[in-house]
Amino acid sequence: MNFTLNIWRQAGPKEKGRMVTYQVRDISPFMSVLEMLDVLNHELTLKGEEPVAFEYDCREGICGSCSLVINGVP
């Protein structure tokens with residue numbers, strides 16, 4: 001699957017921010033959103049761009065920090 005991500009980017013709390021659009025391609029339907037962000041960050045790093053900062057915890061489905069519902073699907 002391919003996704004278009006619109007992500008708010010801001011260098012710091014006093015810096016002006018902006019919305020940036022990213023395309024991520026060939027994402028498995030079995031990946032979590034966090035895994036998709038890892039794919040995006042890998043691509044950004046290869047291009048010499050700043051990775052997207054995001055918070056995560058166990059990534060094992062235990063703590064619940066990665067639980068969300070998108071279009072009615074967990």
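**View 1. Glycine 48, just past the end of helix 1.** Right after helix 1, glycine 48 adopts a positive phi of about 80°. Keep in mind for this view and the others that the model is predicted. The helix that comes before this glycine covers residues 33-46.

**View 2. Helix 1 along its length.** Helix 1 is built from 14 residues, and the distance from its first C-alpha to its last is 20 Å. That is close to the 20 Å you'd expect at 1.5 Å a residue. Its buried residues are Leu34, Met36, Leu37, Leu40, Asn41 and Leu44. Looking down the helix axis, these buried residues fit within an arc of 155°, so they line one face of the helix. Over on the other side, His42 and Leu46 are exposed. And what sits over the buried residues? The cover includes strand 1 (3-9) and strand 2 (18-24).

**View 3. Asparagine 41, a buried residue of helix 1.** Here we zoom in on asparagine 41, which is part of helix 1. Its relative accessibility is 11%, and because buried means under 20%, it counts as buried. The side chain of asparagine 41 gets to within 2.6 Å of a backbone atom, namely the nitrogen of valine 52. Setting aside neighbours within four places in sequence, asparagine 41 is in contact with Pro51, Val52 and Phe54.

**View 4. Arginine 9, buried without a salt bridge.** Arginine 9 belongs to strand 1. Which side chain of opposite charge is nearest to arginine 9? That would be glutamate 50, at 5.6 Å, and arginine 9 has no salt bridge even though it is buried. Glutamate 50 does offer something else: its backbone oxygen lies 3.3 Å from a polar atom of the arginine 9 side chain. Leave out the neighbours within four places in sequence, and arginine 9 is in contact with Gly17, Arg18, Val20, Tyr22, Leu44, Glu50, Pro51 and Val52. One of these, Leu44, is also on the list of buried residues in helix 1. Two others, Pro51 and Val52, turn up among the contacts of asparagine 41 as well.

**View 5. Glycine 17, in the loop between the strands.** Glycine 17 sits in the loop that runs between strand 1 and strand 2. Is glycine 17 buried or exposed? With a relative accessible area of 19%, it is buried, because the cut-off is under 20%. Apart from neighbours within four places in sequence, glycine 17 is in contact with Trp8, Arg9 and Gln10.

**View 6. Aspartate 26, with a positive phi.** Next stop is the loop between strand 2 and helix 1, where you'll find aspartate 26. Most residues other than glycine have a negative phi. Aspartate 26 is not a glycine, yet its phi is positive, at about 60°. Its relative accessibility is 69%, so aspartate 26 counts as exposed.

**View 7. The whole chain, to put the close-ups in place.** Starting at the N terminus, the elements go β-β-α, which adds up to 1 helix and 2 strands. Of the 74 residues in the protein chain, 22% are buried. As for contacts with a separation of 6 or more, 30% are between residues 24 or more positions apart.

Note on methods
Residues are numbered from 1 along each chain as its sequence is written. This is a predicted model: local features need pLDDT of at least 70, side-chain atom pairs count only at pLDDT 80 or more; totals for chains, interfaces and linings use all residues. Side-chain values use heavy atoms; hydrogens and water are left out. Helices (H or I, at least four residues) and strands (E, at least two) are DSSP runs, numbered from the N terminus. The expected span of a helix is 1.5 Å times one less than its number of residues. Buried means under 20% relative accessible area, exposed over 50%, partly exposed in between (1.4 Å probe, protein chains only). The arc is that of the directions from the helix axis to the C-beta atoms. Contact means heavy atoms within 4.5 Å. Lys and Arg count as positive and Asp and Glu as negative; His and the chain ends are not counted. A salt bridge is a side-chain nitrogen of Lys or Arg within 4 Å of a carboxyl oxygen of Asp or Glu. A polar contact is a pair of N or O atoms within 3.5 Å; within protein, one must be able to donate a hydrogen and the other to accept it, and residues adjacent in sequence count only if both atoms are side-chain atoms.
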